[in-house]
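Me: I am new to this structure and would like a close look at the enclosed spaces inside it, together with what surrounds them. Please take your time and connect the details as you go.

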Amino acid sequence: MKVNRRKVLGAGLLLGAGYMASHTTLAHSAKSLEQSGDSAEPQKSDKAESYGAGNTGLGITRQISSFISDIQYQQLPPETIHEAKRAALDWLGCAIAGSQHSTPKILIRSFKEMGSLPAITVLGHKDLKLSMLDAPIANGQMGHVLDFDDTHLGGVILHTSTATIPALLAIGEHAKSSGKEIITALVAAFEAGIRVGQGMPGHHRGGWHLTGTLGTVAATGGASRLRKLNAVQTLNALGIGCTQAAGMQQNRGSDCKSLHAGKSAYHGVLASMLAKNGFTSSPEILEGNLGFTRIYSKTQDLPLITANFGSPWMINGNGYKPYACGVVLHPLIDASIKVSQEYKVPEEQIEVLEIFVHPDVIRITGVDAPGSGLMSKFSANHAVAVSYIDRAGGVAQFSNEKAQQPRVQALRKIVKVTPVSSYRLDQATAVIRTKDGKFYEAKIEHATGTVANPMSDQSLEAKFLGNTTAVMGKDNANKAIKMLWNLENVDNINSVIRLFA
């Protein structure tokens, strides 16, 4: 082996210089200590810092805790009650579909290996029960693993139901809660999670996965209401939940992303139980100088957290997914399907398939060549290509097989995603330029499933049946639909849970 003597000598000189510098620094330090006596006094600062976690007196956490604990079923408008039932129907269908995915199966196997007291039903797994804390993690992961679950876009991209309903089912199964109590708790969860999110607009930019962070706030708010905690107990529960909250966007496309949803539900169950039994937390966990909104977001808009309670109810702004992928991909999938159906241009004739979208679409889903189904759920190129070919965006379109299909891979190489700052997040345009110079265009003003272009009850039922029939059977699936549309008349939530076991 030939040795580069110049590099070796250079390294030696650097090491020598480092040693001399260290030796000189130590000698200087020793000399300074000799001059100052046996014990050197610390230098006095010109200005003393105040206690970082001192009270602000804003009362934000107290106000929202009081509001959540006071929510009553009787005060909820009919449309809000109906929206809660839509959320329950949609999420339970997604959880049953996700129950057969390999990711939650790994989680469940791991819980079994570690030992888990059989107490709470695991959805989609016959006769399987896990502990009061483990079951919500499993059910939450199943509900989110396909990225098919509802998403609130009211200034906050949050999968509220998948972070919350598993916690409510665990508590509800144990306490034999009524359908009205579940509805009320779910409404409370949306108030907690969405309001806190609106008060910290820089949260998503910080790299946090909101379903893991704000999802914990939502789950804790809902669990607290279902346990009938008073305002002080709810305040303590929020503090216990917030101090556990986590989840990183870096884990998009991996098994960890859906784990965030399950852990949020876990945090909600644990926080509400600890608070019920007297556990305490900071009374200013949201607004404190070292509190949740301050350290999880560079910017705050705290008045939004407590503005106009119940007007509107946050769950009324919920959105539902027709496609099994990141919600910001939905407008471009709509556009891709539309341009494919209307003009039927063969792929081999396309020179460029260009999609114009809001800039955040690229920031969130800029994976050009995903190697797996989970990663393809965050690839604009893949979403455009596969939906153009299949004219669909369901579970099958975001599988490992589709991500590796040569035909899809070939088309996504000529997909161009262009940001347009004036576009809304639910807006997209697809433009085909053919090899012979022709142009074809399709515009989408509001993506399917958003508040401005909602999925109907009938569409949600069809989605539910598609997600559940293979696992539950057609009869049980139809029974579940009827029971969930009449959830307010259910005396014991266990009668619903049994259909999904």
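Reply: What follows begins with the whole chain, turns to the cavities, and then moves outward to a few other places in the fold.

The model is a predicted one, and every value below should be read with that in mind. The chain has 501 residues, of which 54% count as buried, and its secondary structure comes to 21 helices and 8 strands. Taken along the principal axes, the C-alpha atoms fill a box of roughly 90 × 70 × 50 Å. Among the contacts between residues at least 6 apart in sequence, 77% join residues that are at least 24 apart.

Now to the enclosed spaces. Rolling a probe the size of a water molecule over the atoms shows where empty space is left. When the whole structure is searched, 4 cavities of 30 Å³ or more are found. The largest cavity holds about 200 Å³ of space, and 17 residues line it, with Ile157, His159, His204, Ile364 and Phe378 the closest to its centre. Two helices, H8 (210-226) and H14 (359-365), each supply at least two residues of this lining. In character the lining of the largest cavity is mixed, since its residues divide into 7 nonpolar, 7 polar and 3 charged.

The second largest cavity encloses about 130 Å³ of space. Its lining is made up of 15 residues, and those nearest its centre are Ala88, Leu92, Ile165, Leu169 and Ile182. Two or more lining residues come from each of helix H3 (78-98), helix H6 (160-175), helix H7 (179-198) and helix H21 (494-500). By class, the lining of the second largest cavity has 15 nonpolar residues, with no polar and no charged ones.

Two of the residues named at that second cavity, Leu92 and Leu169, also appear among the contacts of Leu123, which is a useful place to look next. Leu123 lies in the loop between strand E1 (120-121) and strand E2 (129-130), and at 2% relative accessibility it counts as buried, because buried means under 20%. Leaving aside residues up to four places away in sequence, Leu123 touches Trp91, Leu92, Ala95, Ile96, Ser99, Asn139, Met142, Leu169 and Phe500. By contrast, a residue such as Ala335 is far removed from this neighbourhood in the model: its C-alpha atom is separated by 35 Å from that of Leu123, and the two residues are 212 apart along the chain.

The loop that holds Leu123 also holds Asp127, which is likewise placed between E1 and E2. Asp127 has a positive phi of about 65 degrees although it is not a glycine, and at 69% relative accessibility Asp127 counts as exposed. A comparable backbone feature is found at Lys344, where phi is positive at about 50 degrees although this residue, too, is not a glycine. Lys344 sits in the loop between helix H13 (330-343) and strand E5 (350-357), and it is exposed, with a relative accessible area of 53%.

Another detail of the backbone concerns a peptide bond. Ser311 and Pro312 are joined by a cis peptide bond, with omega about 0 degrees, and Pro312 is found in the loop between helix H12 (303-306) and strand E4 (318-319).

The cysteines deserve a word as well, and the reader may wonder how many disulfides the structure holds. The structure holds 0 disulfides. For Cys94 the reason is distance: the closest cysteine sulfur, in Cys325, is 12 Å from the sulfur of Cys94, too far for a bond, given that a disulfide needs two cysteine sulfur atoms within 2.5 Å. Cys325 is likewise in no disulfide, and the nearest cysteine sulfur to its own is that of Cys94. Both residues are nevertheless inside the fold in the sense used here, since Cys94 is buried with a relative accessible area of 2%, and Cys325 counts as buried at 0% relative accessibility.

Finally, there is a hairpin further along the chain. Strand E7 (residues 428-434) and strand E8 (residues 439-444) pair in the antiparallel sense over 6 bridges, and within this pairing Ile432 stands opposite Tyr440 in E8. The hairpin has 4 residues between the strands, and Gly437 takes a positive phi near 90 degrees there.

Note on methods: Residues are numbered from 1 along each chain as its sequence is written. This is a predicted model: local features need pLDDT of at least 70, side-chain atom pairs count only at pLDDT 80 or more; totals for chains, interfaces and linings use all residues. Side-chain values use heavy atoms; hydrogens and water are left out. Buried means under 20% relative accessible area, exposed over 50%, partly exposed in between (1.4 Å probe, protein chains only). Two strands pair if DSSP finds at least two bridges between them. On a 1 Å grid over the protein atoms alone, a cavity is a set of points where a 1.4 Å probe fits but cannot get out, and a pocket is an open set with protein on both sides within 12 Å along at least five of seven lines; lining residues have an atom within 4 Å of a point. Grid points are joined across faces, edges and corners, and a volume is the space filled by probe spheres set on the points. Ala, Val, Leu, Ile, Met, Phe, Trp, Tyr, Cys and Pro count as nonpolar, Asp, Glu, Lys and Arg as charged, and the others, Gly among them, as polar. Contact means heavy atoms within 4.5 Å.
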